[in-house]
Amino acid sequence: MVFSRILVSLRSKSLPLLVGRRWLAAGTSSGIDSGSASSSSDSDDSSSSGSESENARESDVKDAILKAALEFVPTYGWSSKALAAGAEKMGLSSTVHGVFARGGGDLVLYFIRSSNEKLSQKLADEADIAAKDPEKKKGTRAIIRDAVETRLRMIIPHMSTWPQAMALMALPQNVPDALRQGCTMVDDIWYFAGDRSTDFNYYTKRATLGLVYGNTELYMLQDSSDDFQKTWQFLDRRIDNLTQFGKCIRQCQERSRTFSDVVYSGFHFTRNVLNMNETRR
């Protein structure tokens, strides 16, 4: 199978990934004749365009393998075995998993990215509905709270293996992309909640929401209640804390615009919420 041979060749980097219709229709292992090779040098613009198209196709094929591999995560975990099984389901050689340098880490990152995209689309759809019918518009707190729950529910099918996924994201090679995806998620939530701040609030809002999500995710791993009801109650309490923290920041900014005053007041608020008392030695 031409498609399979092309993908397998990636492991040794002996061939580029070209899986467009032209290659598939050629019916040969090379897929390129001398005429097409010579025509590729006609112009720099066409070469650049071809390269971009090839990269796009490569990305699409990898995503297709990753998507297929998710079905096997309950059996093999977030591993190269799941990737190999996903490739085999598509009719490809199991050795195709070699194109994923980070193995299970790439699979986790794909799941996180695709889940974030689903959440963003859901929030966009709700915003469109609210724009057409103002009566259906939700408040900021409700938008944020529901968005966090929606995103957390996406990991429920993989709850038994999620600790492994979190461990993979903590590896040095995966941390930058994991943080980037986390920032994208909280930024999307705040954007669709109506936040357009460009000052210090931009960072505090996203950082605190990231903490809310992370803490709730950890709580969820230990929750054995029906439909994770205790987790959603925990989330409600954290959202309340987030709202109170936001009010504190706004009050501080009304009294003083200096960065030090805001941080100092935020520190004391956090200490009081956590019931931390000063001790002298």
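Four helices, namely H7 (104–132), H9, H10 (175–192) and H11 (200–221), each put at least two residues into the lining of the largest pocket. That's a handy way into this structure, which is a predicted model. Look through the rest of the protein chain and you'll count 13 helices and zero strands.

**The largest pocket**

- Let's stay with the pocket for a moment: its volume comes to about 570 Å³.
- The lining is made up of 20 residues, and the ones closest to the pocket's centre are Ala178, Leu179, Gly182, Tyr213 and Glu217.
- Which helix gives the most to this lining? That's H10, with eight residues.
- Sort the lining by class and you get 12 nonpolar residues, five polar ones and three charged ones.

**The chain as a whole**

- Start at the N terminus and walk along the protein chain, and the elements you meet read α-α-α-α-α-α-α-α-α-α-α-α-α.
- The protein chain has 281 residues, and 38% of them are buried.
- Take the contacts with a separation of 6 or more: 64% of them link residues that sit 24 or more positions apart.
- About 16,500 Å² of the protein chain is exposed, with carbon and sulfur atoms supplying 53% of that area.

**How confident is the prediction?**

- Across the protein chain the average pLDDT is 79, and 69% of the residues score at least 70.
- Which elements have the lowest and the highest mean pLDDT? Helix H2 (residues 21–26) has the lowest, at 31, while helix H9 (residues 162–169) has the highest, at 98.
- Be careful with residues 1–41, where pLDDT stays under 50. The model still has 54 contacts beyond four places in sequence for residues 1–41.
- Residues 276–281 also have a pLDDT that stays under 50, and for them the model has three contacts beyond four places in sequence.

**Two buried helix residues**

- Find threonine 216 in helix H11. Is threonine 216 buried or exposed? Its relative accessible area is 0%, so threonine 216 is buried.
- Skip the neighbours within four places in sequence, and threonine 216 is in contact with Leu152, Thr231, Phe234, Leu235 and Arg238.
- Now hop over to alanine 68, which sits in helix H4 (residues 44–69). Alanine 68 has a relative accessible area of 11%, and it counts as buried because the cut-off is under 20%.
- Leaving out residues up to four places away in sequence, alanine 68 touches Gly86 and Met90.
- Alanine 68 and glutamate 88 are 20 residues apart in sequence, and their C-alpha atoms are 9.2 Å apart in space.

**A loop with positive phi values**

- Most residues other than glycine have a negative phi. Keep that in mind for the next two residues.
- Aspartate 227 lies in the loop between H11 and helix H12 (229–255). Its phi is near 55°, which is a positive value in a residue other than glycine.
- Phenylalanine 228 is found in the loop between H11 and H12. Phi of phenylalanine 228 is near 55°, again a positive value in a residue that isn't glycine.
- How do these two fare for accessibility? Aspartate 227 has 43% relative accessibility, so it counts as partly exposed. Phenylalanine 228 has 13% relative accessibility, which means that it counts as buried.

Methods: Residues numbered from 1 in each chain as written. Predicted model: local features only at pLDDT ≥ 70, side-chain atom pairs only at ≥ 80, totals over all residues. Heavy atoms only, no water. Buried < 20%, exposed > 50% of the residue type's maximum accessible area, 1.4 Å probe, protein only. Contact = heavy atoms within 4.5 Å. Areas by Shrake-Rupley, 256 points an atom, 1.4 Å probe, with all protein chains shown as cover. pLDDT = per-residue confidence, 0-100. 1 Å grid on protein atoms, 1.4 Å probe; cavity = no way out; pocket = protein on both sides within 12 Å on 5 of 7 lines; lining within 4 Å. Points joined across faces, edges and corners; volume = space filled by probe spheres on them. Nonpolar A, V, L, I, M, F, W, Y, C, P; charged D, E, K, R; others polar.
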